[in-house]
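Trainee: I'd love a close look at one single part of this model, with the reasoning spelled out as you go. Please pick a spot where side chains meet, and take me through it slowly.

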Amino acid sequence: LARSLRDAPTLPPRHPHRAARDARYYLLFVACTPPAGVARYVLGMLAGQRHELDDMLLGSLADRMSGAEFREVIEYIQPSAWPSRLQWALTCVIEMGDTCEMLRHVLDVLAAFGEGLLAQLLKALLTDPLLATTAKLLAQAEPRTLLRQRLPKAEGSAASRALWLVYHREAWRAGAPYTREELRRDAHLTAKAPLSRPEVLLLGVDAPSYKLLIEEAPQHAVCAFAYRLLEAEPAFAAKLSQAQLLSVVELTASGLRDDAHWETCRRVVPAVEPAIALRLSIDLFKASRELPDLQLLKHAYHRVDCFTRKQVWLPAELGALWTSHRDALQREVVEGALPHATTLGGMFSAHVPRLDSASEAAEGGAKQEGRL
């Protein structure tokens, strides 16, 4: 170790005439020293300002120091160097044992530099390329709590609010519980400051987050995420209002021109209210012209109430399809929903008196009354 530090001490460290230190001596020292003793020597070097804290020193310390020694080492990291040292520090936090205690050391040191640098470095934790490492912390409840305690309050600050939203997104990705109340409180969501569309798109990471966002910001989230939910969970359609469901672009008449959306629509129709099911099944049959969808239309038409059937004029709704399939549609869809006696066939069936027979009976009755 002493040989590795030998140089011309009277010249600045980067002076061209100063003898270059031979790193091989330091690596030999590390190889020959018991692991538990390496950090003690390195801290002595740093305290005596005999060597700067560079990549070589940090690499030799990764698994050779205690928690207290880790705290002393990171106190030597200059504020300007922290962005490049975060990956090393986080790796030590995760791999050295007591994750919460080690993370607390890092956060305490960062806080000593002021809120501005702390917020900057916390943001770096939540963005690439550190996300893969940070996710291991966010998957645990106690480290999440520590990070939340250090994040700046979102009230009145767009930057702090954006940081909280990124925190929630990454915590959700890591498996944290989905709590609408925590999101509203942490990001300071109010009636005057609701989630915007870009914020909704930022937060949507999986099915549970889609559901939470549809509840919190339906004006943006329904169009963005409802169809993805319906693909995986058609029964979720029952939780959407009629206006919300009919605003799902993939299930509209224009969206159903793409046959990739037909199967999801077929699974949604039985799960929704009759009136919505009828609207969807009409648009689906018009797009697909397939027999199974005609059956869906038939069942949906039969499920709605009498008033709704009166308001739906199928010849106009189906257009050319009505012309080409008129007999089948008239018989199976329309007349199948009516009492037999009110259909055209029922009115002229054998057991219903014909019009001329009824007239003769009425005339005979009048003559008999005259005789009386």
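Mentor: Happy to! Let's start with Tyr210, which is buried because its relative accessibility is 11%, and the cut-off for buried is under 20%. Bear in mind that this is a predicted model. Phe225 falls under that cut-off too: its relative accessible area is 1%, so Phe225 is buried.

Now for the helices around them. Helix α13 covers residues 207-216 and helix α14 covers residues 218-232; their axes lie 8 Å apart, and the packing angle is about 150°. Angles over 145 degrees count as roughly antiparallel, and therefore that is the label for α13 and α14. The crossing of α13 past α14 is left-handed. On the α13 side, the contact is built from Ala207, Tyr210, Lys211, Leu213, Ile214, Glu215 and Glu216. α14 contributes Pro218, Ala221, Val222, Phe225, Ala226, Arg228 and Leu229. Sorted by class, this contact between α13 and α14 holds ten nonpolar residues and four charged ones, with no polar residues.

With the helices in place, let's turn to the rings. The count of aromatic pairs comes to six. One of them joins Trp164 and Tyr167, with 5.7 Å from centre to centre and 85° between the planes, an edge-to-face arrangement. Trp164 and Tyr167 both sit in helix α10 (residues 158-173), and because they are three residues apart there, about one helical turn separates them. Trp164 has a relative accessibility of 6%, so Trp164 counts as buried. Tyr167 is buried as well, since its relative accessible area is 4%.

Set beside that, here is the pair from our chosen spot: Tyr210 and Phe225 are stacked, with 4.5 Å between the ring centres and 10° between the planes. Planes under 30 degrees apart count as stacked, so the 10° between Tyr210 and Phe225 earns that label. This pair links distant parts of the chain, as Tyr210 belongs to α13 and Phe225 to α14, and their positions lie 15 residues apart in sequence.

Put together, the picture is this: two roughly antiparallel helices, α13 and α14, with Tyr210 and Phe225 among the residues that make their contact, and the rings of Tyr210 and Phe225 stacked. If you'd like another aromatic site to explore afterwards, try Tyr26, Phe29 and Tyr41, which form one aromatic cluster.

How values were computed:
Residues are numbered from 1 along each chain as its sequence is written. This is a predicted model: local features need pLDDT of at least 70, side-chain atom pairs count only at pLDDT 80 or more; totals for chains, interfaces and linings use all residues. Side-chain values use heavy atoms; hydrogens and water are left out. Axes are lines fitted to C-alpha atoms, for helices over the stretch in contact, and angles run from 0 to 180 degrees between N-to-C directions. Helices (H or I, at least four residues) and strands (E, at least two) are DSSP runs, numbered from the N terminus. Angles under 35 degrees count as roughly parallel, over 145 as roughly antiparallel, 65 to 115 as roughly perpendicular and the rest as oblique. A crossing is left-handed if the near helix is turned anticlockwise from the far one by less than a right angle, and right-handed if clockwise. Contact means heavy atoms within 4.5 Å. Ala, Val, Leu, Ile, Met, Phe, Trp, Tyr, Cys and Pro count as nonpolar, Asp, Glu, Lys and Arg as charged, and the others, Gly among them, as polar. Rings of Phe, Tyr and Trp (its six-membered ring) pair if their centres lie within 6.5 Å; planes under 30 degrees apart count as stacked, over 60 as edge-to-face and the rest as tilted. Buried means under 20% relative accessible area, exposed over 50%, partly exposed in between (1.4 Å probe, protein chains only).
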